[in-house]
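Please open the model in your viewer and keep the sequence panel beside it. The stops below each begin with something to select and then say what is found there.

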Amino acid sequence: MQITVVMVDDDALVLESLKRILAQHDDLTLLGTAATGAEALQLMRSTRPDVMLMDLQLQGEMDGVEATRRTRSSLSPPAVLAVTSFDAEVYMRGALEAGATGFLLKNDAADSLASAIRMAHAGDPMISPTLTSRLISSYIAPRTDPVCAQAREQAERLSPREIQVAQLVGAGKTYSDIAQDLFISPSTVKSTLSRAMSAVGVDSSAQLAVLVAQARLDLLE
């Protein structure tokens, strides 16, 4: 299956680097690039890509988070994969709340960009492995951390199976990978995640994975 892609970044060197990575994969076709949020929306309307790669720190009146929100609010929108240099949780939260399917650090692009695009196109959540590790380490003192406490309160609404599936999403596994690991069908994975998202009030599987990571449930065992 051919997947069409547009890239949004105001750094020409970064765009060239990402282009070289995409050129190595025959199933990924680049339709165009944009340097601002406004250009991104215009390019999205004119090319109708399957996946949009969005830098979050765009110059101009509209940053990448707002461009993602407007893109996802359009009719039949493409999947948006946030690709950024910043590994701060606030950027990840902003992108996911705006409707991004996944969040990839540019440092991980050489190894993970192509698979992340395929996952975004399939509707699978994706969080950069580097960011997941840092997110967990940032909550090393959960007993005094209010974000962790709130996440644990929400996680109490989840079943052990829902938590298990969310943790596998956070580990970067696709729906197919999770189904194989747990000996269930991909549709069961999706329905499990859907129930869990509804229980804790989040909009995407990636947001669910972040919440479960923040809860540091492993330290309760």
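Begin by selecting D55 in this predicted model, a residue that is buried, since its relative accessible area is 5%, under the 20% cut-off used for that word. D55 sits in the loop that runs between β3 (51-54) and α3 (64-72). If you display everything around D55 and set aside its neighbours within four places in sequence, you will find it in contact with V8, D9, D10, G64, V83, T84 and K106.

Before the next selection, show the whole chain. The protein chain has 11 helices and six strands, and of its 221 residues 50% count as buried. Its accessible surface comes to about 10600 Å², with 49% of that belonging to carbon and sulfur atoms. When contacts between residues at least 6 apart in sequence are considered, 65% of them join residues at least 24 apart.

Now go to the start of the chain and select Q2, which is found in the segment before β1 (3-8). Is Q2 buried, partly exposed or exposed? With a relative accessible area of 43%, Q2 is partly exposed. Add D27 to the selection: Q2 and D27 are 25 residues apart along the chain, yet their C-alpha atoms are separated by 4.7 Å. Not counting residues up to four places away in sequence, Q2 touches D26, D27, L28, T29 and D50.

The next stop concerns the backbone. Most residues other than glycine have a negative phi. Select R48, in the loop between α2 (37-47) and β3, where phi is near 50°, a positive value in a residue other than glycine. R48 counts as partly exposed, at 41% relative accessibility. Then move to F183, in the loop between α9 (175-182) and α10, where phi is again positive, near 60°, in a residue other than glycine. F183 is exposed, with a relative accessible area of 77%.

From there, turn to the interior and select M54, L158 and L208 together. These are the residues that touch the most other members of the largest nonpolar core, which has 50 residues. Which helix gives the largest share of this core? It is helix α11 (residues 205-215), from which seven of the core residues come. Apart from this core lies another, of 23 residues, and you can locate it by selecting I3, L22, A79 and I117, which are among its members.

Keep L158 selected and look at its surroundings. L158 has its place in the loop between α7 (146-155) and α8, and with a relative accessible area of 8% it is buried. Leaving aside its neighbours within four places in sequence, L158 is in contact with I163, A196, A199, V200, L208 and V212. If you add R195, you can check a further distance: L158 and R195 are 37 residues apart in sequence and 8.8 Å apart in space, C-alpha to C-alpha. Then centre the view on L208, which touches L158, A166, L193, A196, M197, V200 and V202 when residues up to four places away in sequence are not counted.

The last part of the tour follows helix α8 and two of its partners. Select helix α8 (residues 160-170) with helix α10 (residues 186-200): their axes are 9 Å apart, and the two helices pack at an angle of about 105°. Angles of 65 to 115 degrees count as roughly perpendicular, and α8 and α10 are therefore roughly perpendicular to each other. On the α8 side the contact is made by R161, E162, V165, A166 and V169, and on the α10 side by V189, T192, L193, R195 and A196. By class, this contact of α8 with α10 has six nonpolar, one polar and three charged residues.

Finally, hide α10 and show α11 in its place. The axes of α8 and α11 are 8 Å apart, and these helices pack at an angle of about 100°, which makes α8 roughly perpendicular to α11. Where they meet, I163, A166, Q167, V169 and G170 in α8 face S205, L208, A209 and V212 in α11 across the contact. The residues of the contact of α8 with α11 divide into six nonpolar, three polar and no charged.

Methods: Residues are numbered from 1 along each chain as its sequence is written. This is a predicted model: local features need pLDDT of at least 70, side-chain atom pairs count only at pLDDT 80 or more; totals for chains, interfaces and linings use all residues. Side-chain values use heavy atoms; hydrogens and water are left out. Axes are lines fitted to C-alpha atoms, for helices over the stretch in contact, and angles run from 0 to 180 degrees between N-to-C directions. Helices (H or I, at least four residues) and strands (E, at least two) are DSSP runs, numbered from the N terminus. Angles under 35 degrees count as roughly parallel, over 145 as roughly antiparallel, 65 to 115 as roughly perpendicular and the rest as oblique. Contact means heavy atoms within 4.5 Å. Ala, Val, Leu, Ile, Met, Phe, Trp, Tyr, Cys and Pro count as nonpolar, Asp, Glu, Lys and Arg as charged, and the others, Gly among them, as polar. Buried means under 20% relative accessible area, exposed over 50%, partly exposed in between (1.4 Å probe, protein chains only). Accessible areas come from the Shrake-Rupley method with a 1.4 Å probe; for residues, only the protein chains shown count as cover. A nonpolar core is a set of buried Ala, Val, Leu, Ile, Met, Phe, Trp, Tyr and Cys residues joined through side-chain atoms within 4.5 Å.
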